[in-house]
Amino acid sequence: MRVDVVSIFPEYLAPLDLSLIGKARRDGILDVRVHDLRDFAHDRHRTVDDSPFGGGAGMVMKPEPWAEALAAVAASGPAGDAVVPHLIVPGPGGVPFSQALARALADEPWLAFACGRYEGLDERVYEHAADRMPVTVVSLGDYVLNGGEVAVLAMVEAVARLLPGVVGNAESLVEESHEDGLLEYPVYTRPASWDDAGTVRGVPSVLLSGDHGAIAGWRHAQRLERTAARRPDLLPASATAGALADLDVRVATPADAAELLVLQRACWVREGLGALGRWVVPPLVEELPDVVAGLREWATYVARVRTADGSPGRLVASVRGRVRPVDATFWEVGRLMVAPDLQGRGLGRELLALGESLAPSSATGFWLTTGVLEEGNQRFYQRAGYRLVAGEPTHPGAVDLTKRRR
Ligand code: ADE
C-alpha cells in the first residue's frame, strides 16, 4: 500500500519508522512518503496560512500550497496510470474513525493524508481535491487536537496492521476488540499467583483448566460483560430494537439474582405442575446460589420496565447464552422468560434474537432445551427456525432443539 502524508511538521511522522509499521516499510508492504507543505509555498517566508475572511480567531491554511502539494502527490503515482489516491483529511468534524473504516481503507491501494493545522484548511481545498480524487474527512474522536498529524499516526497504524504480512499472527487480528463489534476479553500471563506487595492476585481458574471449550465460553462471556459495562452502545442492535426498545436491557449482575429466581419460578410453574412427581424441572428447584452461579457460566441479559423518570424498574424478562460445554460449535440459548403481564407483545421473539446475537463468530449453530409438555414453546421455537433433536434429551422431561446459524 502506498501512503502519502502532507504536513508542515514532517518530523511528526517519524514514528512511522518504528516497530511493525517501520518493518512493513522495510519489507516493502508499505510505501510511506512524507511531504513538507512548505515546499509548495513560494514566498520568502514559505507562508501556508493567513487570517480568516469575516474575522475570528486563528489562521486558515491557504489553498494554493495545498493544490500544488496534492498535484505533486497525484503526479507521483504509477506512471501512465490514471490512479489517484483516496485523500483523507483528519479533522474533528469528520466521520468517526472505526475498525470498519480501517478495514475499508486497508483495501485501498493508495491513501493520501492532508494534515491541517491552525483553524483548518480553506474550504476550497476540499472542493479542489474532490474534483480530482475521493475525499473523506475523518475524526479520531470527539475532542480537538492541534493538527492532523497525531490522527494520521493512529490511522496509518490501524490500517497498516490489517495488511497481509504486517502482524505476524493473523489470529491475533481476529480475536481483538472491535473486530466483531465486542471489546476484548481480559488476558493474563505468569505468575498464576502474583504476590503484589502482600495482596495475592490470582488468575481465573478456568484459564488454568486446560478445558478449551470452557475457556472459549468464559472469554466470550467476559467480552459481553465488558462491552455492556464500558461500551453499551456497541451491544447487539437487537438489545435496543423493537419491543425491547421500551425496556432497560442490561447484562445481569448478582444483584439481579433474587428477582431472576422469582421470575423463573413464576414462568416454569406450569411446566412443574405437568411434571409433578415424574421429573425435575431445573428452573424450579434452583435456589439463589444456583442462580448466582448461573450468572458466572452464562451471559445473562435482564430487561426491566422503565419507571416514570426513566430509571429501571421491575425485572420483567431475561435470556441467557453460553458456548455449549459439550460441543463448542453450538451457542446455547436458555432461560428465555417474560413476565405474564407482558407476554404476547413479541418480547420473546426479540429476546431469542438477542440471545442468538451474543454467539461468538465460531458458533455454527444454536441449541436450546424446553419442556417436552410445552408444546406452545416448541411451536414458538420451530417458528423461529429450530428443529427437534432426535434421541436422548439433555434432561428428562425436556426436548432439545437446534438451528443452523445463517
Ligand atoms: N484534528 C484535530 N482534531 C482532530 C480529531 N479529533 N480527529 C482527527 N483530526 C483532528
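Helices and strands are taken here as DSSP runs, with at least four residues for a helix and at least two for a strand, numbered from the N terminus. In these terms, P191 sits in the loop that links α6 (170-174) with β8 (194-196). This proline is a pleasant place to begin a tour of the model, which is a predicted one: the peptide bond between R190 and P191 is cis, with omega at about 0°.

At the level of the whole chain, the assignment gives two domains, domain 1 covering 2-174 and domain 2 covering 233-404. Their C-alpha centres are separated by 49 Å.

We turn next to the ligand. The shell around the ligand is made up of P90, G91, P92, S139, L140, G141, Y143, V144, L145, G148 and A151. Strand β5 (residues 86-96) provides three of these residues, the largest share of the shell. By residue class, the shell holds seven nonpolar and four polar residues, and no charged ones.

Strand pairing can be followed around β16. Strand β14 (residues 365-371) runs antiparallel to β16 (residues 398-404), and seven bridges join the two. Within this pairing, T402 of β16 is the residue opposite W367. Strand β16 also pairs with β15 (residues 387-388), again in an antiparallel arrangement, here through two bridges. On this side, L401 in β16 is the bridge partner of L388. Strand β16 thus has bridges to β14 and to β15. As a general point for readers tracing such strands, side chains in a regular strand alternate between the two faces of the sheet.

Two backbone conformations also deserve a friendly mention. S19, which is not a glycine, has a positive phi near 55°. This serine belongs to helix α1 (residues 19-26). S19 counts as exposed because it has 11 C-beta neighbours inside 10 Å, and the cut-off for an exposed residue is 12 or fewer.

R46 likewise shows a positive phi, of about 50°, without being a glycine. R46 is located in the loop between β2 (31-36) and β3 (49-50). Is R46 exposed or partly exposed? With 14 C-beta neighbours inside 10 Å, R46 counts as partly exposed, since partly exposed residues fall between the limit of 12 or fewer for exposed and that of 20 or more for buried.

Terms used. Residues numbered from 1 in each chain as written. Predicted model: local features only at pLDDT ≥ 70, side-chain atom pairs only at ≥ 80, totals over all residues. Near = placed C-beta within 6 Å. Nonpolar A, V, L, I, M, F, W, Y, C, P; charged D, E, K, R; others polar. Pairing = 2+ DSSP bridges. Domains from an automatic or database assignment.
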